[in-house]
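This report looks at side-chain interactions in one protein chain. Please view the sequence and the structure together.

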Amino acid sequence: MKKTYGGSCHCGAVKFHAAIDLAAGTAKCNCSLCFKTRNWMAFIPTSDFRLLEGEQSLRDYQFGRKTIHHHFCGTCGTRVFARAVGPDGQPTVAVRVNALDGVDPAELLAGPVRVFDMRHDNFRDPPAETRHL
């Protein structure tokens, strides 16, 4: 069941609300950026995401095919969410679960975690080893 979570960057300049069903699962990725930043995310439709404060503080980083906008706070550097078009062609937000405020760790652990092997451009199969992600 979806629950609305508040989220923010470390310094509080960027704040958002996101309706997420954590029990439906979250995801990790092993691409070069996600690996270095230990990205753990929940994918939601843009209609379930609302930026409350900090539009002017957001910075955008893109790499590779430049299809994903990785947003982070320009003041503290916290990566808060990314925007892209999902495999179904719909606009999607990947919320960094580590940017959610006050989320109970049990909620994060209750749902499955899918791992994408994007280091090898393989969206379907997980990498052979995932414990380090």
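Over which ring does the charged end of R38 sit? The ring is that of F35, and its centre is 4.5 Å away from the charged end. The model is predicted.

## Charges over rings

R38 is one case of a charge placed over a ring, with F35 as its partner. K28 gives another. Its charged end sits over the ring of W40, at 4.7 Å from the ring centre.

## Salt bridges

Searching the whole structure yields two salt bridges. One joins K2 to D48, with 2.4 Å between the closest N and O atoms. K2 belongs to the segment before strand 1 (3-8), while D48 is in the loop between strand 4 (40-45) and strand 5 (49-53), so the bridge ties together parts 46 residues apart in sequence. D48 is buried, because its relative accessible area of 16% falls under the 20% limit.

The side chains of K3 and E107 form a salt bridge too, at 3.4 Å from N to O. This pair links distant parts of the chain, 104 residues apart: K3 is in strand 1, and E107 is in helix 2 (residues 105-110). Are K3 and E107 buried or exposed? K3 is partly exposed, with a relative accessible area of 40%. E107 is also partly exposed, at 23%.

## Aromatic pairs

Four aromatic pairs turn up in a search of the whole structure. One of them is F16 with F81. Their rings meet edge-to-face, with 6.3 Å from centre to centre and 70 degrees between the planes. The angle counts as edge-to-face because it is over 60 degrees.

F16 lies in strand 2 (residues 15-20) and F81 in strand 8 (residues 79-85). The pair thus links distant parts of the chain, 65 residues apart. F16 and F81 are both buried. Ring pairs also bring in F49, giving a cluster of F16, F49 and F81.

## The setting of S57

Where does S57 lie? S57 is in the loop between strand 5 and strand 6 (58-61). Its relative accessibility is 11%, so S57 counts as buried.

Which residues does S57 touch, leaving aside those up to four places away in sequence? They are A13, V14, F72, C73 and G74.

Terms used: Residues numbered from 1 in each chain as written. Predicted model: local features only at pLDDT ≥ 70, side-chain atom pairs only at ≥ 80, totals over all residues. Heavy atoms only, no water. Salt bridge = Lys/Arg side-chain N within 4 Å of Asp/Glu carboxyl O. Helix = DSSP H or I, 4+ residues; strand = E, 2+ residues; numbered from the N terminus. Buried < 20%, exposed > 50% of the residue type's maximum accessible area, 1.4 Å probe, protein only. Phe/Tyr/Trp six-rings, centres within 6.5 Å; stacked < 30°, edge-to-face > 60°. Lys NZ or Arg CZ within 6 Å of the ring centre and 35° of its normal. Contact = heavy atoms within 4.5 Å.
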